Amino acid sequence: MATGDSTDRAHVHDLVIRRGRVIDGTGAPPRAADVAVDDGRITAVGDVPGTGRREIDAAGLLVTPGFVDIHTHYDGQVTWDPLLTPSSLHGVTTVVMGNCGVGFAPVEADRRDWLIGLMEGVEDIPGSVLAEGMTWNWETFPEYLDAIDTPHAIDFAAQLPHGALRTYVMGPRGGDHLTRPTDAESARMRDLVAEAVEAGALGWSTSRTTAHKTSTGEPTPSLTASRQELTDLARGLAQAGAGVVDLVSDFLDEPEEMEFVRAIAEASGRPMSVSIVQSDRAPDKWRSLLGGLADASARHGVPITGQVAPRAVGVVLGWELSWHPFMAYPSYAAFADLPPAERVEQLRRPEVRAAILAESPVTDSEFVARLSTRFDQVYLLGDPPNYEPGPEDSVAAFAERVGADPAAVAYDAMTSGDGHGLLYFPMLNYAAGNLDAVGEMLARTDTVPALGDGGAHCGAICDASFPTTLLTHWGRDRRRGDRFPVEWLVKRHTADTAAVVGLLDRGQVRPGYRADLNVIDFDRLQAHRPEVRYDLPTGGRRLMQTASGYVATVVAGEVVFEHGAHTGALPGRLVRGAQPAPASVTG
């Protein structure tokens, strides 16, 4: 018999998914069951009598909750793209944006371009795309929420970004790193945090990493914020009695930064999440960071969760993209600014190829020098993409096997496929040349999978496919180490991620929960090779990655994607604030 309120065999449900293997998001093993949906909610799971106005035959398929991605950057894209791709193409039914302290509200009219430059520099979203795509019919954060509260394919939620808040209150001084906010400015920022949360922000985010810079190379405004400023903002959450904190930091001075975390937790009394990655410069530091977060969590009685990536953090390299091995070779400069097709045509000329390959890179950038010379760390991406390549998959290893120069192999690989060839350069989470550290991070109870950055880094990554990688690589395909039960992986990217940001009404296939669901052909599930598209406003470039195996994605009871194609349905909405668990569960 079904679990729920449907016992009348004549009952007609809005949707019934039949004969699937239900993975319910609790971590329980899969079980054969039907799922009934009415009025956007799951009403029965089990042997569902009656019929559905629409029925999906899920025999041999998995039925899971929709994925909840808590680290995206759709703050601008949400104003022009109702589909929020590529996240929605990978089974994601709720995204959270406004991470890393960057976003577009609150804002004075004369600071709009500055915020665009901040987002362009930090998240590699072309400034021209943002300038053309956004309507800017807002000033305050509540007005921004009202402006974006329009139909979309999937649900979305926003956080208040520290960078925008600081420059809104302090004006140009907010980004100069020379002055502190006055007492009056601190009080206003605190009140605006409370106002944003009361209007529907999930919380506020801040960045304290030197890697985040504006398009002109200035550090992100929040980098040098004092402990006093951070605790004042945290008190805004306490004032609202709601909200969460999202923090990214280098933790270069680990004891001092951890003290900042403790101070924020104490002042806000609210949950926090902190980005955690492994660096080859300090391969074991992530363990001490998570240990410090656990101590702060216990000391102040609030959950502090590490956001971790389910694969290496790196960049995709290609002639059309932001990075490639030959960008610092002197002869390449003559072609760098040509339109993509014309550039590739020139690079294919034998004399141009020979001239470039005869040179060495000229750069002061350690990063550019590394990707230009360390071909043992640059990999042939493959199709489907291999996100845990071994030493034998490197450009250098392939070159040795065929008796060629590694630079020539890289050059020709990118020139293949009409100049659309891609290479892969993993940088973080790959210190030992494998994903063992990622597996350890994922296995902890104080972390969740995140950091996919959907909507961002348009010319360098397409990590919005993380949910697909999580299931396929860690649940089915990994050959170089341990795998995890699929039901556990599903729980991690549904119920667990939703709980981190207080969205307790979704992430489980149980009566009363939102009917955000995926029907998945697990044997066929696969992220495809990324490709470059020019489909942003002004013809802007971005990396796009699609997938096979998502038979159907359901949002609020409506099928929004079938086999990767949008159905035309737009049931997704702005999620305003934390959402309680269903009464049938809490009561």
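**Two pockets in a predicted model**

In the second largest pocket, the lining residues divide into four nonpolar, six polar and three charged. I start there, and I should say at once that this is a predicted model.

The volume of this second largest pocket is about 230 Å³. Its lining has 13 residues, and those closest to the centre are Pro385, Asn386, His473, Asp477 and Gln526. Two elements give two or more residues to this lining: α15, which spans 466–477, and β20, at 526–527. Of the elements, α15 gives the most, with five residues.

Now the largest pocket. How much space lies in it? The figure is about 1,900 Å³. There are 48 lining residues here, and Thr209, Ala211, Asp250, Met427 and Leu428 lie nearest the centre.

Which elements give two or more residues to the lining of the largest pocket? On the helix side they are α1 (112–123), α8 (285–300) and α11 (366–373). The strands are β12 (244–249), β15 (313–317) and β17 (423–428). The largest share comes from α1, with four residues.

By class, the lining of the largest pocket has 20 nonpolar residues, 16 polar and 12 charged.

To find these places in the structure in front of you, look for Asp250 and Met427, which are among the residues nearest the centre of the largest pocket. For the second largest pocket, look for His473 and Asp477, two of the residues closest to its centre. The element to follow there is α15, the one that gives the most to that lining. For the largest pocket, follow α1, the source of the largest share.

How values were computed. Residues are numbered from 1 along each chain as its sequence is written. This is a predicted model: local features need pLDDT of at least 70, side-chain atom pairs count only at pLDDT 80 or more; totals for chains, interfaces and linings use all residues. Side-chain values use heavy atoms; hydrogens and water are left out. On a 1 Å grid over the protein atoms alone, a cavity is a set of points where a 1.4 Å probe fits but cannot get out, and a pocket is an open set with protein on both sides within 12 Å along at least five of seven lines; lining residues have an atom within 4 Å of a point. Grid points are joined across faces, edges and corners, and a volume is the space filled by probe spheres set on the points. Ala, Val, Leu, Ile, Met, Phe, Trp, Tyr, Cys and Pro count as nonpolar, Asp, Glu, Lys and Arg as charged, and the others, Gly among them, as polar.
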